[in-house]
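Welcome! Here is a short briefing to read with the model open beside you. Please have a look at the structure first, and then we can walk through it by topic.

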Amino acid sequence: MQYKGAIIDEAGKMNNFAIEPKVYVDQQGDRTGFTPYAELINGRLAMIGFVSLIALEVFTGHGIFGLLQNL
């Protein structure tokens, strides 16, 4: 016998947890994990960092380690 989503057994005790929840797979899309989109963003950020380090050395005359030694 069922009563508002709970099951009442033959002894008259109510079991609220007898009905199992529905299992589903959460679709996260193409923006997580090792996907082409993630690799594209990773490559772009690496290029920005590399160009920034070159610009830092051109404008200051020191590399990143030389700049850190002067702090």
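The chain contains 2 helices and 3 strands. Going from the N terminus, these elements follow the order β-β-β-α-α. Please keep in mind that this is a predicted model, so a word on confidence comes along with the geometry below.

**Confidence**
- Across the chain the mean pLDDT is 80, and 79% of the residues reach at least 70.
- Helix α1 has the highest confidence, at 92, while strand β1 (residues 2–3) has the lowest, at a mean of 52.

**Burial and surface**
- Just 6% of the 71 residues of the chain count as buried.
- About 7000 Å² of the chain is exposed, and 62% of that area comes from carbon and sulfur atoms.

**Helix α1 and what follows**
- Helix α1 covers residues 36–60, which makes 25 residues, and at 1.5 Å a residue it should span 36 Å.
- The C-alpha atoms at its ends lie 36 Å apart, so the model agrees with that expectation.
- Gly-61 comes just after α1 and adopts a positive phi of about 85 degrees.

**A nonpolar patch**
- Which residues form a nonpolar patch on the surface? They are Phe-50, Val-51, Ile-54, Val-58 and Phe-59, and together they have about 590 Å² of accessible area.
- Phe-50, one of these patch residues, is located in helix α1.
- Is Phe-50 buried or exposed? Its relative accessibility is 55%, and because exposed means over 50%, Phe-50 counts as exposed.

Key. Residues are numbered from 1 along each chain as its sequence is written. This is a predicted model: local features need pLDDT of at least 70, side-chain atom pairs count only at pLDDT 80 or more; totals for chains, interfaces and linings use all residues. Side-chain values use heavy atoms; hydrogens and water are left out. Helices (H or I, at least four residues) and strands (E, at least two) are DSSP runs, numbered from the N terminus. Buried means under 20% relative accessible area, exposed over 50%, partly exposed in between (1.4 Å probe, protein chains only). Accessible areas come from the Shrake-Rupley method with a 1.4 Å probe; for residues, only the protein chains shown count as cover. The expected span of a helix is 1.5 Å times one less than its number of residues. Patches are made of residues with over 30% relative accessible area and no salt bridge: like charges are joined within 9 Å, nonpolar side chains (Val, Leu, Ile, Met, Phe, Trp, Tyr) within 5 Å. A salt bridge is a side-chain nitrogen of Lys or Arg within 4 Å of a carboxyl oxygen of Asp or Glu. pLDDT is the predictor's confidence in each residue, from 0 to 100.
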